[in-house]
Every structure is written in C-alpha cells, then in structure tokens.
Amino acid sequence: MLRPASESGNGSLRSVPLSQARSTPRRRSGGAGWKYDEDMALLRRQLLTLCGLVEERIDMGFCAVLERDSALARRVVDGDVEVDALELRVDETCRRLLALRHPASDLRLITAALKIVVDLERMGDLAVNIAKRGIELAGLPRIQPLPDLERLWEACQRQVRSAFACLAAADVGRAQKTIGNDELVDARYHTLFTELLALMMEDPKNVHGGNSLLFVAKHLERLGDHAVNVAEMVIYMVKGKEIRHPRSRQRG
C-alpha cells in the first residue's frame, strides 16, 4: 500500500517525485515564502496520505465481499468520514496556495491536486458502495465460485496501485501504461457481467446475490476509470500536457 512520505518545498515535479523530496521545506525570503513552501510540502503529504487511505478502504471493501464479512464492511462505511475530511483539507490547502504567487510547475501541481482529490473522494465512495453490497451478500447464499470476479478485482487493484505509484513518483511512463491497461479492466468487467446474467437466468435463487455482484462489478470498473483519471493528471502535472477528452480538443 502507498504510504505518505516526507516532502519538500521544491516545486519542480519534473525532477523531484512527490515521495522522494526532502523532509524540510526550502526557505525563501520573507515569511510568506516560508509559509508557501510549508503548504506545498503539506499538499504533497496530504495527497499521498489520501491515496493510502483510499487504497486501504478499497481493499477492505472487496475483502468484505469475498469473505462475506459484514463487520469489516461496516468499518469501511463508518470510515468514509475520514476520507471526506482529508479531501476538504486538501481543498483548503490548494485554496491557500492559489492565493499566492507561484512558479508554473507548482501551479500545475495545485491544479492537478484539485482534480485528483475529486477522483480520490469518489474512489472512497465506491469502496463504501462495495462494502454495502458486502453487507447484503453476507446474508445470502453463495453463488458458485466466480474466478472472473477475482480477476476483475486483481486488474482493478493493479490499476489503482499503479496510478497512486506514478503520482508518488511523478512517473509519466508508468502513468501512460496505466492508461493503456484500462482496456483489460473493461474486458474483465464485460466477461463477469455476462457470466452473472447467465447464472441469474439459470436459477432464480441467484437473482438477489447476482444483482448485488453486478453492482460490485460496476463499482470495480468505475474504480479503474478513476485510476486512469489520476494517471492522466500525473502527465499534466509533470509535462503540462492535457491528454483528457482528445475528441473534444480536436473539435475545438
């Protein structure tokens, strides 16, 4: 799991990964400059902390589904307030930084953080949704073994971890690979979707549980989409290149 690391006030994301910067902010002239460096370091720490928290909740949510562990699922649901609170703190830090003058590379980080934190908060919500389905499934008969469900989970988990790792390391190459691997998550989702529909049509007893698993599958697929969003913003953060919505940009 990605863990927050010590950060510095160095604003150059092209040369200094978020997770490998110095722990002491570089002093600039004047009190405002010192506060600015502190807030840049704080923003990096907050983003990585939120990534680690979201990844933990996603893992717990899916484990609750697999193990039919309603107690674990309720921990995920109850813990969502922590994700929301950290999202608000990231927003507050970004607003303080936007009120000050800053180099272009720092501005890209601040702008990217404002977008990434939305995806992270939604990923936390999806973890809660998965956990809620786990509570439902805990009281239902198990459907036959579903290896495609675990395959979808593994593909999704790789995407989430890869997206968070490329954010921590400001790794454009890994971000591009994460974006390219999204098709595998989609393929796994469609395979599982078809399998679940077939099981529900074969036996009415599978309808309730199968419907819950369909929601789990969709939530996992959406987690993969948000991981791609994070990877796209890493490329913007490092290179200043916007790669989202290519068709819309072509029309413009």
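The exercises below concern a predicted model, and each is followed by a worked solution.

**Exercise 1.** Determine how the confidence of the model is distributed along the chain, and where pLDDT stays under 50.

*Solution.* Begin with the chain as a whole, for which the mean pLDDT is 85, with 82% of the residues reaching 70 or more. Next, turn to the stretches of low confidence: over residues 1-16 the pLDDT stays under 50, although the model has 61 contacts beyond four places in sequence for this stretch. Residues 247-252 also have a pLDDT below 50, and here the model shows three contacts beyond near neighbours in sequence. Finally, consider how such stretches are to be treated: where pLDDT is low, the predicted coordinates should not be read in detail.

**Exercise 2.** Describe the largest pocket by its volume, the residues closest to its centre and the character of its lining.

*Solution.* The volume of the largest pocket is about 210 Å³. Its lining comprises 13 residues, of which Leu66, Arg142, Ile143, Leu146 and Leu149 lie closest to the centre. Two or more lining residues come from each of α1 (31-67) and α5 (147-169), and α5 gives the most, with three residues. Sorted by character, the lining consists of nine nonpolar residues, one polar residue and three charged residues.

**Exercise 3.** Establish how many disulfides the structure holds, and decide whether cysteine 94 and cysteine 156 are buried or exposed.

*Solution.* The count of disulfides in the structure is zero. For accessibility, the cut-off needed is that a buried residue has under 20% relative accessible area. Cysteine 94 counts as buried because its relative accessibility is 0%, and cysteine 156 is likewise buried, at 0% relative accessibility.

Definitions and conventions:
Residues are numbered from 1 along each chain as its sequence is written. This is a predicted model: local features need pLDDT of at least 70, side-chain atom pairs count only at pLDDT 80 or more; totals for chains, interfaces and linings use all residues. Side-chain values use heavy atoms; hydrogens and water are left out. On a 1 Å grid over the protein atoms alone, a cavity is a set of points where a 1.4 Å probe fits but cannot get out, and a pocket is an open set with protein on both sides within 12 Å along at least five of seven lines; lining residues have an atom within 4 Å of a point. Grid points are joined across faces, edges and corners, and a volume is the space filled by probe spheres set on the points. Helices (H or I, at least four residues) and strands (E, at least two) are DSSP runs, numbered from the N terminus. Ala, Val, Leu, Ile, Met, Phe, Trp, Tyr, Cys and Pro count as nonpolar, Asp, Glu, Lys and Arg as charged, and the others, Gly among them, as polar. pLDDT is the predictor's confidence in each residue, from 0 to 100. Contact means heavy atoms within 4.5 Å. A disulfide is a pair of cysteine sulfur atoms within 2.5 Å. Buried means under 20% relative accessible area, exposed over 50%, partly exposed in between (1.4 Å probe, protein chains only).
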